Amino acid sequence: MSEAFEKGIKIFGEVYGDGQANGLRSMLAGPDVFGKLQAQWAMEWAFGTIWSREELPRKLRSCAVLGMTIGMGTSDEIKMHTKMGIANGLTKEEIEEIYYTSIPYCGLPRSNGAKAAMLEGFKELEAEGKL
C-alpha cells in the first residue's frame, strides 16, 4: 500500500484500536471485496492526508468534523466522530457544546438527530470502558 495509506491506518488504529485497523487490513487483502477502493481511499485521503496534517490539532479537527457531519445530518458519521472526538481529547462536555452550537445553525431536527447519534456513541464508549 502507499505511504499515505500507512500513515492513515496508523492514525485509524490510534483512534479506533489496533483490532479495527488489523480488521481493515485483512478486509482489504480479500480478493472480492465490494467497495474496497472506498476503504483504501478513506485511509489514504481522509486519515493519511487530512488527519495526519499537523497544522490543526486532532482535537480541533474533531470539532470541525463533528460540526460538518451534524450539518449534513449523517448519523452514522456523527456517532463515529463522537467516538473519535473522545479519542482525540474532546470531553463529553465539549461535544455537548458542539451539539448546542449546531442548534441555531443546523436547526432542531438535524441537531436532534445528532444528539441521538452522539448518545449512541457515548453508550458504546461506556460499554467499551473508554468513557
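This report walks through the aromatic pairs, helix packing and a few individual residues of the structure above. The model is a predicted one, so please read every value below as computed from it.

## Aromatic rings

Let us begin with the rings. A pair of aromatic rings is described by how far apart the centres lie and by the angle of the planes. There are three aromatic pairs in the structure. In one of them, the ring centres of Phe12 and Phe47 are 5.4 Å apart and the planes stand at 90°, so this pair is edge-to-face. It joins distant parts of the chain, since Phe12 belongs to helix H1 (residues 3-16) and Phe47 to helix H3 (residues 36-50), 35 residues apart. Are these two residues buried or exposed? Phe12 is buried, and Phe47 is buried as well.

Tyr99 and Tyr100 make another aromatic pair, this one tilted, with 5.4 Å from centre to centre and 45° between the planes. Tyr99 has a relative accessible area of 11%, which is under the 20% cut-off, so Tyr99 counts as buried. Tyr100, at 39% relative accessibility, is partly exposed.

Ring pairs also tie Phe12, Tyr16 and Phe47 together into a cluster. One more ring has a charge for company: the charged end of Lys92 sits over the ring of Phe122, at 5.1 Å from the ring centre.

## How the helices pack

Next come the helices. Two packed helices are described by the angle between their axes and by the distance between those axes. The table gives these values for three pairs.

| Helix pair | Angle between axes | Distance between axes |
|---|---|---|
| H1 and H2 | about 140° | 6 Å |
| H2 (residues 18-29) and H3 | about 140° | 10 Å |
| H4 (residues 58-72) and H6 | about 40° | 10 Å |

H1 and H2 come out as oblique to each other, because their angle of about 140° is not over the 145° that would count as roughly antiparallel. On the H1 side, the residues that meet H2 are Phe5, Glu6, Ile9, Phe12, Gly13 and Tyr16. On the H2 side, they are Asp18, Gln20, Ala21, Leu24, Arg25 and Leu28. Two residues of the ring cluster, Phe12 and Tyr16, are thus among the H1 residues that meet H2.

H2 also packs with H3, at an angle of about 140°, and this makes H2 oblique to H3. The crossing of H2 past H3 is left-handed. H2 brings Leu24, Met27 and Leu28 to the contact, and H3 brings Lys36, Ala39, Gln40 and Met43. Leu24 and Leu28 of H2 appear in the contact with H3 and also in the one with H1.

What is the handedness of the crossing in which H4 passes H6? That crossing is right-handed. From H4, the contact takes in Lys59, Cys63, Leu66, Gly67, Ile70 and Gly71. H6 answers with Glu94, Ile95, Ile98, Ser102 and Cys106.

## Val15 and Asn88

Two residues from separate parts of the sequence deserve a look together. Val15 is located in helix H1, while Asn88 is in the loop between helix H5 (75-87) and helix H6 (92-106). They are 73 residues apart in sequence, yet 7.1 Å apart in space from C-alpha to C-alpha.

Both are buried: Val15 has a relative accessible area of 10%, and Asn88 has 12%. Setting aside neighbours within four places in sequence, Val15 is in contact with Arg58, Met84, Ala87 and Asn88. With the neighbours within four places left out again, Asn88 touches Val15, Trp51, Arg58, Lys59 and Ser62. Arg58 is therefore in contact with Val15 and with Asn88.

## Two partly exposed leucines

Finally, here are two leucines in other helices. Leu37 is in helix H3 and is partly exposed, at a relative accessible area of 47%. Its C-alpha atom is separated by 22 Å from that of Val65, which is 28 residues away along the chain.

Leu119 belongs to helix H7 (residues 108-127). With 46% relative accessibility, Leu119 counts as partly exposed. The C-alpha atoms of Leu119 and Gly30 are separated by 34 Å, and the two residues are 89 residues apart along the chain.

Methods
Residues numbered from 1 in each chain as written. Predicted model: local features only at pLDDT ≥ 70, side-chain atom pairs only at ≥ 80, totals over all residues. Heavy atoms only, no water. Phe/Tyr/Trp six-rings, centres within 6.5 Å; stacked < 30°, edge-to-face > 60°. Helix = DSSP H or I, 4+ residues; strand = E, 2+ residues; numbered from the N terminus. Buried < 20%, exposed > 50% of the residue type's maximum accessible area, 1.4 Å probe, protein only. Lys NZ or Arg CZ within 6 Å of the ring centre and 35° of its normal. Axes fitted to C-alpha atoms, helices over the stretch in contact; angles between N-to-C directions. Parallel < 35°, antiparallel > 145°, perpendicular 65-115°, else oblique. Left-handed = near helix turned anticlockwise from the far one by under 90°. Contact = heavy atoms within 4.5 Å.
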